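Biologist: Please pick one part of this model and take me through it closely, residue by residue where that helps. I would like a connected account that I can follow with the structure open beside me.

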Amino acid sequence: MNSPSPVSLSMASVRTLDETSFVALLGAVVEHSPWVARRAWHRRPFGTRQALFDALSAEIHGASDAEQLALLRVHPELAGQEARAGTMTADSQSEQGRLGLLRLDAATVRRLDELNRRYRERFGFPFIAALRLHASLDSVLADGEQRLGHDANSERRIALDQVGQVVRGRLERMVSDDAVSPSSLSPTTHAGTPS
């Protein structure tokens, strides 16, 4: 499988992309949901990587309930079937691999499978954790157990925030800020409303 996208694009380059190129390059930062990037493109120009993240985040949080649920449901379970089959995206594979989720002993696999099952049954989507915020698998497991106690609305907000943290990490690997001042960008190029 391909390695996750390295830092290879400056914000100056991002600002020059047409919609098709923007989605082709950044559509995968939100797992299997290129529609987020497509809508965020209409919020340009992006003076900084933070502004780009804010645009993507606004589209996630501003989406309909059905769209948000679909976005959450396409995420892979931690050490789940996609991980075992080797069919996760390169980014997900790298993120899960950092904490050793791709090479677990049988007892830990059973423990994660049980957490994944209970979480999915309770909330209707996979347990999503921004693994970059965790130092160990034990931290992830403790977080999952704690989150099982939330009500459905609270947990959905938390899950969407975790998606945002995943997106932030992916953008940090893919896009570098540049020295262009946001005030030098023309506000007239901000025309258009998100579709």
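Modeller: A residue counts as buried when its relative accessible area is under 20%, as exposed when it is over 50%, and as partly exposed in between. The model is a predicted one, and the part I have chosen is helix H2, which spans residues 19–26. By that cut-off, the buried residues of H2 are Phe22, Val23 and Leu26. They lie on the same side of the helix, because they cover an arc of only 95° around its axis. An α-helix has 3.6 residues a turn, so residues three or four places apart point the same way. On the face turned away from this buried side, H2 carries the exposed residues Thr20 and Ala24.

What covers the buried residues comes from several places along the chain, including helices H1 (11–16), H3 (34–40), H4 (49–62) and H10 (152–174), together with strand E2 (175–176). Phe22 shows this in detail: leaving aside residues up to four places away in sequence, Phe22 touches Val14, Leu17, Gly27, Ala37, Trp41, Phe46 and Leu52.

The largest nonpolar core has 44 residues, and Phe22 and Leu26 are among those that touch the most other members, along with Val14, Leu52, Leu56 and Leu171. Two or more residues of this core are given by each of H1, H2, H3, H4, H5 (65–73), H8 (106–123), H9 (137–147) and H10, and the largest share, 6 residues, comes from H10.

Following the chain onward from H2, one enters the loop between H2 and H3, where His32 lies. His32 has a phi near 50°, a positive value in a residue other than glycine, and is partly exposed, with a relative accessible area of 46%. The loop between H3 and H4 holds Pro45, and the peptide bond leading from Arg44 to Pro45 is cis, with omega near 5°. Arg43 joins its side chain to that of Glu59 through a polar contact of 2.7 Å; Glu59 sits in H4 and is buried, with a relative accessible area of 5%.

One further residue can be set beside His32, namely Ala79, in the loop between H5 and helix H6 (81–85). Phi of Ala79 is near 55°, again a positive value in a residue other than glycine. Ala79 counts as buried because its relative accessibility is 5%, whereas His32 is partly exposed.

Note on methods:
Residues numbered from 1 in each chain as written. Predicted model: local features only at pLDDT ≥ 70, side-chain atom pairs only at ≥ 80, totals over all residues. Heavy atoms only, no water. Buried < 20%, exposed > 50% of the residue type's maximum accessible area, 1.4 Å probe, protein only. Helix = DSSP H or I, 4+ residues; strand = E, 2+ residues; numbered from the N terminus. Arc of directions from axis to C-beta. Contact = heavy atoms within 4.5 Å. Core = buried A, V, L, I, M, F, W, Y, C linked by side-chain atoms within 4.5 Å. Polar contact = N/O pair within 3.5 Å; in protein donor to acceptor, adjacent residues only side chain to side chain.
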